[in-house]
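Work through the exercises below with the sequence and the coordinates at hand. Each task is followed by a solution in steps.

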Amino acid sequence: MGNSSCFRDFAKYSSLNVLGMIGLSCYILADTFFIANGLGANGLAALNLAIPIYSLVYGSGLMLGMGGATRYAVSGGRDKSGKDTKNAENTKNPVKVNNPAPANNTKNRLTDVIFTNTIYAAAVLALIFIVTGMFLSGPIARLLGADAEIFEMTKTYIHVVFLFSPAFIMNNILICFVRNDGAPKLVMLAMLMGSFFNIVFDYIFIFPLQMGILGAVLATGFSPVVGMLILSLHLIRRKNRFHLVRTGPRFSIITSIFSLGLPTLVTELSSGIVIIVFNIIILGLEGNTGVAAYGVVANISLVAASIYTGMAQGVQPLISRAFGRGDQSTIRQVLRYALVTVLVLSCLIYAMVFIFTGPIVQAFNSESDPLLREIAINGMKLYFTAAFFMGFNTIISVFFTSVEKAAPAQLISLLRGLFVIIPTAFIMSELFGITGVWLAFPVTEMIVAAAGAVIYMGMKKQL
């Protein structure tokens with residue numbers, strides 16, 4: 001692939017997915033803004049305690065979508081390169097196809113089996129989430145730190161998110177497969193329209209209808225339904241190269257889907273895990289007002305994270321197809337484009353946050369609480385120094401997933417979400433109080449970025 005063609009594809013896929021993810025991040029921003037203005041600091045605190053559950057459900061769908069779509073794209077790349085599909089697949093997670101047809105039909109059947117098994121896994125996860133929401137929403141709310149003042153609001157948000165889990169999961173699977181099927185514009189439209197629906201009905205449910213936090217979470221829950229309706233146009237027009245087929249579960253395929261998608265789930269969960277840990281620490285330091293202030297910081301951070309995630313998801317199909325073809329030059333070129341772009345975006349993000357911190361915080365401080373304002377402004381300026389490392393970590397993790405190197409991708413994600421951030425947060429908060437809490441996140445991202453760079457340089461010759 002020529003450099004100009006490679007750059008055009010990169011610009012197309014990355015820009016469309018970044019725009020879509022920015023729109024998608026408005027799910028939570030809209031909730032945050034309208035809840036802050038409609039329900040005050042207590043509503044904001046309840047939302048922040050419940051956000052990790054949204055991250056879990058949303059990330060689970062993205063895990064299945066990214067894992068299944070990566071296998072789908074790599075298989076498609078091998079087919080176009082003229083490689084022996086059967087042998088290529090048998091090097092990892094072999095799939096046996098009964099009554100094999102000619103080569104092209106065998107490939108089509110294989111990709112269909114991958115998609116069908118992704119749906120099997122989605123059904124199981126959705127059932128688990130629904131049962132959990134029906135019977136365990138209350139205990140989970142208490143476990144996340146909800147006191148008597150905000151318990152009911154927290155429980156309601158968790159309950160409804162779990163009940164809408166089939167929509168969240170299936171929407172993310174379709175987003176990933178349709179994107180890898182060559183329709184990034186339709187994906188962007190679906191994501192933006194879902195977010196637009198969410199914003200409009202957040203306002204309608206919370207203010208004119210006075211439905212409180214139930215209205216906010218209902219608007220969020222119905223948004224992926226809107227996205228799926230738009231994505232279904234790809235199927236209605238019969239442009240899809242993936243189909244449901246009559247086949248039993250293939251555990252080798254499901255295992256590989258989970259393995260390749262796990263880093264994406266951990267990346268999503270890392271924000272939720274960070275929120276849980278920080279909530280616990282900040283509750284002890286500053287109480288519910290501190291948690292509400294952190295809610296502002298964390299939700300603005302989700303927008304930045306969505307930009308990096310959009311960039312990573314945009315380059316994944318390009319890298320996976322090139323990997324399937326054995327095109328090392330295109331792989332390196334796309335990765336270079338992505339890393340340079342996230343560096344520029346990180347500079348812009350931090351500049352915007354630093355300059356407009358006051359107005360941003362005030363937009364979510366409807367009661368003009370001076371303590372909330374002070375905590376959030378100081379926190380945002382420190383917390384967002386992580387931007388320079390977040391982008392690199394997101395890109396390099398998805399890069400390893402895209403070339404079917406699941407282990408390093410999982411390691412990077414686990415370091416970010418568990419093994420570094422948790423001890424760092426507790427140690428730094430003990431040493432430096434609330435300032436240590438804010439600095440724990442950038443310190444973690446910096447350590448993981450250094451580890452990711454070392455892993456990449458060590459594996460560069462194998463790629």
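**Exercise 1: a salt bridge between two helices**

Arg416 is buried, at a relative accessible area of 6%.

Task: Find the salt-bridge partner of Arg416 and state whether that partner is buried or exposed.

Solution.
- Step 1. The model is a predicted one.
- Step 2. The side chain of Arg416 meets that of Glu445 in a salt bridge, with an N to O distance of 3.2 Å.
- Step 3. Arg416 belongs to helix α13 (residues 406-419) and Glu445 to helix α15 (residues 434-459), so the bridge ties together parts that are 29 residues apart in sequence.
- Step 4. Glu445 has a relative accessible area of 2%. Buried means under 20%, so Glu445 is buried.

**Exercise 2: the other salt bridges**

Task: How many salt bridges does a search of the whole structure find, and which residues pair with Asp181 and Asp327?

Solution.
- Step 1. The search returns 3 salt bridges.
- Step 2. Asp181 pairs with Arg241, and their closest N and O atoms are 3.0 Å apart.
- Step 3. This pair links distant parts of the chain, 60 residues apart: Arg241 is in the loop between α7 and α8, and Asp181 is in the loop between α5 (165-180) and α6 (184-206).
- Step 4. Arg241 has 41% relative accessibility and is therefore partly exposed, whereas Asp181, at 6%, is buried.
- Step 5. Asp327 pairs with Arg325, with 3.5 Å between the closest N and O atoms.
- Step 6. Asp327 counts as buried at 17%, while Arg325 counts as partly exposed at 30%.

**Exercise 3: the surroundings of Phe242**

Task: Where does Phe242 lie, and which residues is Phe242 in contact with, leaving aside neighbours within four places in sequence?

Solution.
- Step 1. Phe242 sits in the loop between α7 (212-236) and α8.
- Step 2. Its relative accessible area is 1%, so Phe242 is classed as buried.
- Step 3. With neighbours within four places in sequence set aside, the contacts of Phe242 are Tyr72, Asp112, Phe115, Phe177, Val178, Asp181, His234 and Leu235. Among them is Asp181, the salt-bridge partner of Arg241.
- Step 4. Leu110 is 132 residues from Phe242 along the chain, yet 9.4 Å separates their C-alpha atoms.

**Exercise 4: Ser256**

Task: Is Ser256 buried or exposed, and which side chain makes a polar contact with the side chain of Ser256?

Solution.
- Step 1. Ser256 is part of helix α8 (residues 251-325).
- Step 2. At a relative accessible area of 5%, Ser256 is buried.
- Step 3. The polar contact of the Ser256 side chain is with the side chain of Arg71, at 3.1 Å.

**Exercise 5: a nonpolar surface patch**

Task: Which residues make the nonpolar surface patch of about 600 Å², and which helix gives the largest share?

Solution.
- Step 1. The patch is made by Leu127, Val131, Met134, Phe135, Leu136 and Leu163.
- Step 2. Helix α3 (residues 103-143) contributes the largest share, 5 residues.
- Step 3. Leu136 is in helix α3 and, with a relative accessible area of 42%, is partly exposed.

**Exercise 6: confidence along the chain**

Task: Where is the confidence lowest, and where is it highest?

Solution.
- Step 1. The mean pLDDT of the protein chain is 85, and 91% of its residues reach 70 or more.
- Step 2. The lowest confidence is in helix α2 (residues 85-90), with a mean of 41, and the highest is in helix α4 (residues 151-163), at 96.
- Step 3. The pLDDT is below 50 over residues 84-108, a stretch with 29 contacts in the model beyond near neighbours in sequence.

Technical notes: Residues numbered from 1 in each chain as written. Predicted model: local features only at pLDDT ≥ 70, side-chain atom pairs only at ≥ 80, totals over all residues. Heavy atoms only, no water. pLDDT = per-residue confidence, 0-100. Helix = DSSP H or I, 4+ residues; strand = E, 2+ residues; numbered from the N terminus. Contact = heavy atoms within 4.5 Å. Buried < 20%, exposed > 50% of the residue type's maximum accessible area, 1.4 Å probe, protein only. Polar contact = N/O pair within 3.5 Å; in protein donor to acceptor, adjacent residues only side chain to side chain. Patch = residues over 30% accessible without salt bridge, like charges linked within 9 Å, V, L, I, M, F, W, Y side chains within 5 Å. Areas by Shrake-Rupley, 256 points an atom, 1.4 Å probe, with all protein chains shown as cover. Salt bridge = Lys/Arg side-chain N within 4 Å of Asp/Glu carboxyl O.
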